[in-house]
Amino acid sequence: MDLIAEAIKGTGDVLPGNAYKWHYIEKTVSDVAALFGFREIRTPVFEKTELFERSVGDTTDVVQKEMYTFNDKGGRSITLRPEGTAGAVRSILEHGLFNEALPVKAYYITSCYRYEKPQAGRLREFHQFGVECIGAAAPTADAEIIMLGDMVLKRLGIKNISLEINSIGCPQCRAKYTAALKEYFAASKDKLCETCLSRLDRNPMRILDCKSPICREIAEGAPKILDYICDECNDHFNQVKAHLNAAGVKFTVNPRIVRGLDYYTKTVFEFISNDIGSQGAVCAGGRYDGLAEELGGPHLPSLGFGMGLERILMVMEKQGCPFPEEKKIDLYIAPMGGAAASEAVKICSLAREEGFAALTDVAGRGLKAQMKYADKIGAKFTLVLGENELNSKSARLKNMQSGEQIDVELPDGVISAIYDETIKNTFADLESSLENLKI
Ligand code: ATP
Ligand code: MG
């Protein structure tokens, strides 16, 4: 029979040898989120299609071209989440969390699905770390969200990231801008792609986000939103910039950023890396003051971002950012014979109770092959158990790094010896780091 040995195009696997990198990234983003008062939210992988049509917007690329939508067996239209905000906000509204202390601060690490052309940094299943701050109108909230993203990137050791920000105004100033855009694009009507032509009347701002080269070229000369935003939006934007300056966060204003999702208002931003090719946006977000109302909830000025974790990992690998070492196996016991195997299983169990990772033979291999295996998995200590060891109730524990061997009593002496050695090593590590710090 043929092996079904290929994953679906645009999806990826995290193999056991790589999972520690993901754990490190996930731990870092969760820790930083907690420092800013965000707690985790988990929502379903699929939602009613209508949720995304109403929030992301039915003239966006995401909704028009990229969603995984299907009818379930009950005939309901279901969509795999293309992003995390809609589900998080839906959940916060459904459970009335906004009746508690505002803002509601929630973060997630989640898979997203978009039917896009797979390429480096662009997948059909990808993962986002996202934060949503619901019920926070002040410009300090915008600055803090951006600072959160900035801190995550710094903690992960990522360098050479540029932060670009813009304001896309509120529905009031947007009306004037939309009219100006309509007039501008109408003059090049015959050159626009089919999708953009359909957007011309309904949502001309979306044309600015089109990936087709001709539309992009036309968009170059389009009117800029910053020339149209109202006094309130302008003042808000100025305060965001002032807060970022005060906090020492470097940014540039890029009037071309409009973002690909309809729910954004006022501040929008992107963190961009030049190290991973053309899909360089590693984190993107902004304010979405109208979304909660759009979904039938109360008026709740809100904001957030989504960070693409595959792209983060790509940048880290490209830049050689350090990942903490994967936890090694502490003890490998090589038994010879059935009685020794039983003793090995018992000692492994005692070691695990004390928090040490311990393995013994489960493949029925001879001593030589077992020692080769112990070496391959990087076991810190090994113990050989044969008839002599069982009779004398003592064995030699070998420190695989130093080569040093200690006689230990079976079974408890094994555990206390590993314990002593581990403490000794921890102190040695601490001493050398203190020495490095010259304390
Ligand atoms: P892009 O301009 O790259 O298509 P976007 O505007 O569609 O991005 P958002 O919807 O704001 O992106 O998603 C936030 C982040 O999620 C992006 O900045 C990126 O890091 C990541 N991301 C988006 N789409 C993909 C994808 N198909 N594959 C991998 N990561 C993605
Ligand atoms: Mg996109």
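Which residue in strand 4 is the bridge partner of Phe70? In this predicted model, that partner is Ile78. Let's start from there and work outwards.

**The sheet**

Strand 3 covers residues 69-71, and three bridges tie it to strand 4 in an antiparallel arrangement. Strand 4 spans residues 77-80 and is also joined by three bridges to strand 2, residues 46-48, again running antiparallel. Put together, that gives an open sheet of three strands, ordered 2-4-3, with antiparallel pairing. Strand 2 and strand 3 are the edges, each pairing on one side only. As for twist, neighbouring strands in this sheet are turned against each other by 35° on average, ignoring direction.

Back to Ile78 for a moment: on the strand 3 side its bridge partner is Phe70, while Lys48 also stands opposite Ile78. Further pairing with strand 2 puts Glu47 together with Thr79 as bridge partners. Here are the residue pairs side by side:

| Residue | Opposite it in strand 4 |
|---|---|
| Glu47 | Thr79 |
| Lys48 | Ile78 |
| Phe70 | Ile78 |

Strand 3 and strand 4 make a hairpin with five residues between the strands, and in that hairpin Gly75 has a positive phi near 80°.

**The cysteines**

How many disulfides does a search of the whole structure find? The search comes back with zero. Take Cys133: it is in no disulfide, and the nearest cysteine sulfur belongs to Cys283, 15 Å away. Is Cys133 buried or exposed? Cys133 counts as buried, because its relative accessibility is 4% and the cut-off for buried is under 20%.

Cys193 is in no disulfide either, with the sulfur of Cys196 as the nearest cysteine sulfur at 3.7 Å. If you're wondering about that pair, a disulfide here needs the two sulfur atoms within 2.5 Å.

**The domains**

Stepping back to the whole protein chain, the domain assignment splits out two pieces. Domain 1 comes in two segments, 16-170 and 229-319, whereas domain 2 is given as 331-424. How far apart do the C-alpha centres of domain 1 and domain 2 lie? Those centres are 49 Å apart.

Notes
Residues numbered from 1 in each chain as written. Chains lettered and ligands numbered in written order. Predicted model: local features only at pLDDT ≥ 70, side-chain atom pairs only at ≥ 80, totals over all residues. Heavy atoms only, no water. Pairing = 2+ DSSP bridges. Helix = DSSP H or I, 4+ residues; strand = E, 2+ residues; numbered from the N terminus. Domains from an automatic or database assignment. Buried < 20%, exposed > 50% of the residue type's maximum accessible area, 1.4 Å probe, protein only. Axes fitted to C-alpha atoms, helices over the stretch in contact; angles between N-to-C directions.
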